[in-house]
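Me: I would like to go through this structure by question and answer. Please keep the reasoning short and end each reply on what was asked for.

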Amino acid sequence: MKIKKEQIAYFGGYFDGEGSISIAKVKSNKSKRFIYRLFVGIGSSNNLPLLEIYKFFGGGIQYRKPRGISKLHSWQFQITGIKALCFLKKIYPYCLIKKKPIEVAFKFRRIIRKNRMGGFKPLTKKELNKRQELKKLIETVNENNYTRPN
């Protein structure tokens with residue numbers, strides 16, 4: 001299914017206002033080692049935009065029951081890895097607030113390396129440190145996006 005430029009622009013604007021990017025340290029199911037993974041998410045009380053994004057880019061959508069003072073139902077779209085990178089590359093030109101976090105995500109994905117056998121090589125200490133550094137950088141950039149005056 002072909003995606004229209006207007007849809008990409010809409011997704012970019014929607015993500016710019018409602019989305020988030022993070023790099024998380026998680027335990028790998030296969031190797032049982034800790035790895036760093038790129039996560040892109042969008043939370044919303046309306047699932048229609050999330051379903052449209054899912055239709056073109058994949059990922060997953062999770063329903064969340066109302067909690068706390070808010071009585072709203074909500075949904076969380078999440079996409080990781082190469083699919084997240086494809087999504088971010090498409091919407092990047094249409095983002096304003098999330099430009100810096102997206103750029104950090106691009107740097108993070110560039111340092112992922114595959115070996116020639118199709119699996120992943122164990123990371124060196126230097127590579128682990130670089131991933132941790134980018135994790136901290138994206139946290140700082142995200143924090144500054146919400147606390148820095150214009």
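Me: Over the face of which ring does Lys99 lie, and at what distance from the ring centre?

Reply: This is a predicted model, in which local features need pLDDT of at least 70 and side-chain atom pairs count only at pLDDT 80 or more, while totals for chains, interfaces and linings use all residues. Residues are numbered from 1 along each chain as its sequence is written, and side-chain values use heavy atoms, with hydrogens and water left out. A charge sits over a ring if NZ of Lys or CZ of Arg is within 6 Å of the ring centre and within 35 degrees of the ring normal. Lys99 lies over the face of Tyr92, at 3.9 Å from the ring centre.

Me: Which elements does the chain run through from the N terminus on?

Reply: Helices (H or I, at least four residues) and strands (E, at least two) are DSSP runs, numbered from the N terminus. The chain has five helices and four strands. Their order is α-β-β-α-β-β-α-α-α.

Me: What is the radius of gyration of the chain?

Reply: The radius of gyration is taken over C-alpha atoms, and the globule rule is 2.2 Å times the number of residues to the power 0.38. For 150 residues that rule gives 15 Å, and the chain is close to this, so it is as compact as a globular protein of that length. The value for the chain is 17 Å.

Me: How are the rings of Tyr10 and Tyr14 arranged?

Reply: Rings of Phe, Tyr and Trp (its six-membered ring) pair if their centres lie within 6.5 Å; planes under 30 degrees apart count as stacked, over 60 as edge-to-face and the rest as tilted. By this rule there are nine aromatic pairs. For Tyr10 and Tyr14, the centres are 5.8 Å apart and the planes differ by 25 degrees, so the pair is stacked.

Me: Why are Tyr10 and Tyr14 about one helical turn apart?

Reply: Both residues belong to helix H1 (residues 5–18). They are separated by about one helical turn because they are four residues apart in H1.

Me: Is Phe11 buried or exposed?

Reply: Buried means under 20% relative accessible area, exposed over 50%, and partly exposed in between (1.4 Å probe, protein chains only). Phe11 in helix H1 pairs with Phe57 in helix H2 (residues 48–57), so the pair ties together parts 46 residues apart in sequence. Phe57 has 12% relative accessibility and counts as buried. Phe11 has a relative accessible area of 2%, so Phe11 is buried.

Me: How far apart are the closest N and O atoms of Glu52 and Lys55?

Reply: A salt bridge is a side-chain nitrogen of Lys or Arg within 4 Å of a carboxyl oxygen of Asp or Glu. The structure holds three salt bridges. Glu52 and Lys55 are three residues apart in helix H2, so about one helical turn separates them. Their closest N and O atoms are 3.1 Å apart.

Me: Which residue forms a salt bridge with Glu139?

Reply: The partner lies four residues away in helix H5, about one helical turn. Glu139 is partly exposed at 41%, whereas the partner is buried at 17%. The closest N and O atoms are 2.7 Å apart, and the partner is Lys135.
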